[in-house]
Each structure stands twice: as C-alpha cells, then as structure tokens.
Amino acid sequence: TYFTRPLPGAARMYPETDIPPMKIENSYLRKLKRTLPQPLTQKLEILKTTYKLSTDLANQLIVSKYLPIFEKIIKTHRVEPKIVASFFVNTLKDLKRKNELKEENLREKHFLKLFEMFARGEIVKEAFPQIISRVSFDPEKNLEQIVDELNLRVLKKGELERIVKKIVEENKELPLGKLIGIAISKVRGKADPKLVAELVKRFKEG
C-alpha cells in the first residue's frame with residue numbers, strides 16, 4: 001500500500017478543500033449539549049460528595065472500567081457506596097494479585113447478583129472474595145448455587161446466637177478480645193463481624 005497524498009504537518013492544518021462548507025445550526029449544537037455524557041470531573045465530585053467516598057477511592061474508581069457497573073448497582077440496590085467501590089477497587093485487585101481471579105470470565109450479571117444477595121441480607125461482604133473468585137473460574141454456574149456450595153449464606157439469628165454462646169461458655173477464662181477472635185473465625189463469611197462481637201460481649205457479661 002502507499003499514501004495517495006502526504007500527511008500534513010502541524011503547520012499545514014487547513015480546511016479540507018474537497019468538501020464544501022456545512023453550516024451548523026444552533027439548534028443542532030443545543031441538542032448535542034443536552035445529550036453529552038457527564039464529564040468525569042463532575043462524576044468525581046459526585047463520588048466524593050453524594051456517595052461520601054474518600055478522595056483516594058474516588059480517584060481510583062473514576063478511571064476504573066467498573067465505574068458504570070458501580071453506578072448501576074448503587075441505583076438498583078440499597079447498598080453502601082463505599083462497600084461497592086472498595087470491592088471493585090481493592091477486592092478484585094487483591095484477588096488478581098494472588099492469582100485467585102479469572103477477571104476475563106466475569107460479567108455484569110455476576111456483580112449485580114452478588115450485590116442483590118448482599119442487599120437482601122443473604123451474604124455478608126466478608127464472603128465477597130470467595131464467591132467472586134469461585135464464579136470467575138466457573139462463570140456458567142448460578143451464583144446462588146456457588147454460595148450454597150461454599151456454605152456462605154448468612155446464619156440465622158438463632159443459630160448464630162447458639163454458636164457464639166457455646167464458644168463463650170467453653171472458653172470462660174479467656175479475655176473478651178480472644179473470645180471475639182475465636183467467634184469471628186468460627187463463623188467467618190457467614191455473619192457480620194460487628195454483630196458477632198456484640199453477641200460475644202452480651203453473653204460474656206450476661
């Protein structure tokens with residue numbers, strides 16, 4: 001192949017002489033302005049002010065390919081924005097670094113389902129890494145099925161209380177901090193650590 005005409009240099013910028021001028025109507029320009037996407041600078045401010053993300057988290061998310069999915073999740077589910085942003089910015093990065101993620105296999109439906117289950121209180125955020133790692137290696141499998149296979153559904157209140165109470169009764173001589181650590185380790189990925197700590201304290205003092 002060969003050039004049919006030389007490419008112009010910086011000093012040779014001029015209107016294309018082979019194309020007649022076209023008048024641009026103001027109405028057309030106004031229409032374009034109405035349909036322009038929101039500038040990233042504006043989105044960055046929204047992430048920091050409306051969604052209360054830290055400057056560092058917002059700066060990383062704004063250049064992430066997951067920004068559109070983040071926005072969709074926030075609009076679709078009642079989930080704390082910081083949890084969603086941290087998942088896309090930190091959790092996925094950590095899993096990739098450990099070679100525990102096949103990111104190319106993940107689809108929007110996987111993330112939407114993950115946060116749908118979280119919003120419904122069926123899983124806790126501590127279970128995110130295990131769930132998303134497994135589904136990335138088996139993307140055709142139903143995410144709910146994977147949660148069940150991993151036994152990561154949130155424990156019912158009565159069952160959690162029974163487990164925590166037993167731990168406290170069997171380790172009465174241990175200090176509160178140690179007991180909390182044992183209890184959280186026992187139900188990791190199946191209960192909110194904050195709730196577990198509160199239950200340990202209640203049974204220890206009661």
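## Helices α2 and α3

Helix α2 passes α3 in a right-handed crossing. This is a predicted model, so let's walk through how its helices meet before turning to its pockets. Helix α2 covers residues 40-49, and its axis lies 9 Å from that of α3, at an angle of about 140°. The two helices are therefore oblique to each other, given that an angle has to be over 145 degrees to count as roughly antiparallel.

Which residues of α2 and α3 meet? On the α2 side they are L40, K43, L44, L47 and K48, and their partners in α3 are T55, A58, N59, L61 and I62. Sorted by class, the α2 and α3 contact holds six nonpolar residues, along with two polar and two charged ones.

## Helices α3 and α5

Helix α3, residues 55-62, also packs with α5: their axes come within 10 Å and cross at roughly 70°. That angle makes α3 roughly perpendicular to α5, because the range for this label is 65 to 115 degrees. Here α3 passes α5 in a left-handed crossing.

From α3, the contact is made by L57, Q60 and L61. From α5, K82, A85, S86, V89, N90 and K93 take part. The classes in this contact are four nonpolar, three polar and two charged residues. L61 is worth finding in your viewer, as this α3 residue is in the contact with α5 and also in the one with α2.

## Helices α9 and α11

Further along the chain, helix α9 (residues 157-170) and helix α11 (residues 193-205) have axes that come within 9 Å and cross at roughly 50°. That makes α9 oblique to α11. The crossing of α9 past α11 is right-handed.

Helix α9 brings L160, E161, V164, K165 and V168 to the contact, while α11 brings L195, V196, L199, V200, R202, F203 and K204. How do the residues of this contact divide by class? There are eight nonpolar and four charged residues, and no polar ones.

## The largest pocket

Now for the pockets. The largest pocket has a volume of about 200 Å³. Its lining is made up of E80, K82, I83, S86, F87, T91, K125, E126, F128 and P129. Two elements, α5 (81-97) and α7 (128-137), each give two or more residues to this lining. The largest share, five residues, comes from α5.

By class, the lining of the largest pocket has four nonpolar, four charged and two polar residues. Two names may look familiar: K82 and S86 line this pocket, and both are on the α5 side of the contact with α3.

## The second largest pocket

The second largest pocket has a volume of about 170 Å³. Which residues line the second largest pocket? They are Q60, V63, S64, Y66, F88, V89, L92, K93, K96 and E103. Once again α5 supplies the largest share of the lining, five residues. Five nonpolar, two polar and three charged residues make up the lining by class.

This pocket also ties back to the helix packing. Q60, V89 and K93 are among its lining residues, and they take part in the contact of α3 with α5, Q60 from α3 and the other two from α5. If you follow α5 through the structure, you will meet the largest share of the lining in the largest pocket as well as in the second largest.

Methods. Residues numbered from 1 in each chain as written. Predicted model: local features only at pLDDT ≥ 70, side-chain atom pairs only at ≥ 80, totals over all residues. Heavy atoms only, no water. 1 Å grid on protein atoms, 1.4 Å probe; cavity = no way out; pocket = protein on both sides within 12 Å on 5 of 7 lines; lining within 4 Å. Points joined across faces, edges and corners; volume = space filled by probe spheres on them. Helix = DSSP H or I, 4+ residues; strand = E, 2+ residues; numbered from the N terminus. Nonpolar A, V, L, I, M, F, W, Y, C, P; charged D, E, K, R; others polar. Axes fitted to C-alpha atoms, helices over the stretch in contact; angles between N-to-C directions. Parallel < 35°, antiparallel > 145°, perpendicular 65-115°, else oblique. Left-handed = near helix turned anticlockwise from the far one by under 90°. Contact = heavy atoms within 4.5 Å.
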